[in-house]
Amino acid sequence: MKHEDREILSVMNETIQQTTVYLKDLSEQLSTIQNKQLIQHLIDDRNRTQEQMKRLEKEVEEAHALANQTKEKYEIEPDRVRFMHQMIVATVDNFVNQQNHSMALNRLNFRNQISKEVSDLVKYVLRLEE
């Protein structure tokens with residue numbers, strides 16, 4: 001080979017090496033851009049997921065509040081039931097403690113009063129009245 005040919009080959013080799021380095025640099029830049037895009041997509045997905053979680057947590061809190069309101073609305077007060085029971089027992093006791101002739105005369109009043117008190121208790125327990 002001639003000296004000129006060697007120089008040409010040397011220049012071509014150098015050019016090829018520079019081109020290879022340039023292509024490696026471009027490849028790294030492209031990889032970096034792709035990584036940045038991937039990371040940005042992951043961040044966006046995380047942000048959407050966090051927003052969705054906040055929305056769902058708010059919905060759960062609202063559902064709990066509604067459930068508590070409903071529970072309180074339909075909760076039976078034991079003291080009220082005891083009082084209504086005591087009223088029924090007192091009505092029966094008052095009737096039974098009367099003389100026979102007085103019982104006969106007050107039979108209709110007793111029946112009406114005991115029916116009303118038992119009906120009130122049943123309506124309250126079945127939540128037919130507030």
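Tutor: Helices are DSSP runs of H or I with at least four residues, strands are E runs of at least two, and both are numbered from the N terminus. The model is predicted: local features need pLDDT of at least 70, side-chain atom pairs count only at pLDDT 80 or more, and totals for chains, interfaces and linings use all residues. Residues are numbered from 1 along each chain as its sequence is written, and side-chain values use heavy atoms, without hydrogens and water.

Student: How many helices and strands are there in the chain?

Tutor: By that rule, three helices and zero strands. The order from the N terminus is α-α-α. Helix H1 covers residues 3-74, helix H2 covers residues 78-96, and helix H3 covers residues 100-125.

Student: How do you know how the chain compares with a compact globule of 130 residues?

Tutor: Use the radius of gyration, taken over C-alpha atoms; the globule rule is 2.2 Å times the number of residues to the power 0.38. For 130 residues, a compact globule would have a value near 14 Å. The chain has 45 Å. Its C-alpha trace spans about 150 × 15 × 15 Å along the principal axes.

Student: What do C-alpha separations look like for Ser 31 and Glu 51?

Tutor: They are 20 residues apart in sequence and 30 Å apart in space. Ser 31 lies in helix H1. Take His 85 in helix H2 as well. His 85 and Lys 73 are 12 residues apart along the chain, with C-alpha atoms separated by 21 Å. For Gln 50 and Val 125, 75 residues apart, the separation is 45 Å.

Student: Why is Ser 31 called partly exposed?

Tutor: Buried means under 20% relative accessible area, exposed means over 50%, and partly exposed is in between, with a 1.4 Å probe and protein chains only. Ser 31 has 32%, so the label is partly exposed. Gln 50, in helix H1, has 39% and is therefore partly exposed too. His 85 has 47%, so the verdict is again partly exposed.

Student: What share of the 130 residues is buried?

Tutor: Buried residues make up 7% of the chain. The chain exposes about 11,600 Å², with 56% supplied by carbon and sulfur atoms. That area comes from the Shrake-Rupley method.

Student: What share of the contacts with a separation of 6 or more comes from residues 24 or more positions apart?

Tutor: The share is 63%. A contact means heavy atoms within 4.5 Å.

Student: How many positive and negative side chains does the chain have?

Tutor: Lys and Arg count as positive, Asp and Glu as negative; His and the chain ends are not counted. The result is 18 positive and 22 negative side chains. The centres of the two sets lie 8 Å apart, with each charge placed at NZ of Lys, CZ of Arg, CG of Asp or CD of Glu.

Student: What makes Arg 48 and Asp 45 a salt bridge?

Tutor: Side chains of opposite charge can pair when their charged atoms come close. The rule asks for a side-chain nitrogen of Lys or Arg within 4 Å of a carboxyl oxygen of Asp or Glu. Arg 48 and Asp 45 have N to O at 2.2 Å and pass. They are three residues apart in helix H1, so about one helical turn separates them. Asp 45, at 37%, is partly exposed.

Student: How many salt bridges does the count come to?

Tutor: Three. Arg 82 and Asp 79 qualify at 2.6 Å, N to O. Both lie in helix H2, three residues apart, about one turn of the helix. Lys 116 and Asp 120 qualify at 2.8 Å. Those two are four residues apart in helix H3, about one turn.

Student: Why is Asp 79 called exposed?

Tutor: Asp 79 has 58% relative accessibility, so the residue counts as exposed. Its partner Arg 82 has 47% and therefore counts as partly exposed. Lys 116, at 53%, is exposed.

How values were computed. Accessible areas come from the Shrake-Rupley method with a 1.4 Å probe; for residues, only the protein chains shown count as cover.
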